[in-house]
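Student: I should be grateful for a close look at a single part of this structure, set out as one connected account.

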Amino acid sequence: MKIIASILMLGLFLSACNSDTDKKAGATENNVKTVLKPFSDSTKMDTFKVSLSGNKPKEMLLTFHIISFDGKEIYQKILKATDLLDNYKETVDLSKEKSQRNFMTDEFNFFLDDENFLEPAVTAEETPDQYTADKAFYEELKRSNLNGFKYRISKETKVYIAWSALEKKVKIYYKCC
């Protein structure tokens, strides 16, 4: 009996330790996902957080926040499910509510994938094109070597954001297909 109790206690202890580690590593908890990555500073970790709220597609919101290493919210974007679904209904069968919920769950699950983190945001070899939102900011990013992040707002549009050390805010530096 003492052996079983000891094994149970050890299991509970390990489970508690692992849950803290999972939260830091980006585990999903109640439709909230977080990832720590350098963004506003090249050596300090900012918190990227995405949440999915609402039960019906007409009410669902995908909310994205970036909280700086010093605890200040530096970016927030709210994407309505209805807007995202409207952009994809021609290419994806979204006629049923279940498929719409599944689509939004997929968007939520993939939002903070590693491929969306750009390290650095702009390399020295890259040159701005017609989709560059702010050429001066683009050049600032080349010099600063700060990281970027991209996310989809429609099937044909991705938004690329990064921290402007000069203006002390998150800005869009690229918006394209």
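Which ring does the charged end of Lys33 sit over? From there, please proceed to a close description of helix H4 and the strands against which its buried residues pack.

Tutor: The model is a predicted one. In it, the charged end of Lys33 is placed over the ring of Phe108, at 5.9 Å from the ring centre. A second lysine, Lys37, lies over the face of Phe117, with 5.1 Å to the centre of that ring.

Helix H4 spans residues 135-144. At its N-terminal end, Asp134 acts as the cap: one of its side-chain oxygens is 3.2 Å from the backbone nitrogen of Ala136. After the helix comes Asn145, which has a positive phi, near 60°. Phe137, Tyr138, Glu140 and Leu141 are the buried residues of H4. Around the axis they take up an arc of only 160°, and therefore lie on the same side of the helix. An α-helix has 3.6 residues a turn, so residues three or four places apart point the same way. Ala136 and Arg143, which are exposed, are carried on the face of H4 turned away from the buried side.

The buried residues of H4 pack against strands E7 and E8. Strand E7 comprises residues 157-164, and six of these eight residues are buried, so the strand is largely enclosed by the rest of the structure. On one hand, E7 is joined to strand E6 (residues 148-154) by six bridges, the two strands running antiparallel. Within that pairing, Phe149 has Ile161 of E7 as its bridge partner. Two residues separate E6 from E7, and the strands form a hairpin. On the other hand, E7 pairs with strand E8 (residues 169-176), also in the antiparallel sense, over seven bridges. Here Ser164 is bridged to Lys169 of E8. The hairpin of E7 and E8 has four residues between its strands, and Lys168 in this hairpin adopts a positive phi near 55°.

Aromatic residues provide further links. A search of the whole structure yields 19 aromatic pairs. In one of them, the ring centres of Phe111 and Phe149 are 5.8 Å apart and the ring planes stand at 45°, so this pair is classed as tilted. Phe111 belongs to the loop between helix H3 (97-110) and strand E5 (117-118), whereas Phe149 belongs to strand E6; the pair thus links distant parts of the chain, 38 residues apart. Phe111 and Phe149 are both buried. The helix itself takes part through Tyr138: the centres of the Tyr138 and Tyr173 rings are 6.5 Å apart with their planes at 55°, so this pair too is tilted. Because Tyr138 lies in H4 and Tyr173 in E8, the pair ties together parts 35 residues apart in sequence. Tyr138 and Tyr173 are both buried. One aromatic cluster includes Phe111 and Phe149, together with Phe39, Phe48, Phe64, Tyr75, Phe117 and Tyr151.

Ala133 completes the description. Ala133 is located in the loop between E5 and H4, and it is exposed, with a relative accessible area of 52%. When neighbours within four places in sequence are left aside, Ala133 is in contact with Ile172, Tyr173 and Tyr174. From Ala133 to Tyr160, the C-alpha to C-alpha separation is 9.4 Å, although the two residues are 27 residues apart in sequence.

Notes: Residues numbered from 1 in each chain as written. Predicted model: local features only at pLDDT ≥ 70, side-chain atom pairs only at ≥ 80, totals over all residues. Heavy atoms only, no water. Buried < 20%, exposed > 50% of the residue type's maximum accessible area, 1.4 Å probe, protein only. Pairing = 2+ DSSP bridges. Phe/Tyr/Trp six-rings, centres within 6.5 Å; stacked < 30°, edge-to-face > 60°. Lys NZ or Arg CZ within 6 Å of the ring centre and 35° of its normal. Arc of directions from axis to C-beta. Contact = heavy atoms within 4.5 Å. Polar contact = N/O pair within 3.5 Å; in protein donor to acceptor, adjacent residues only side chain to side chain.
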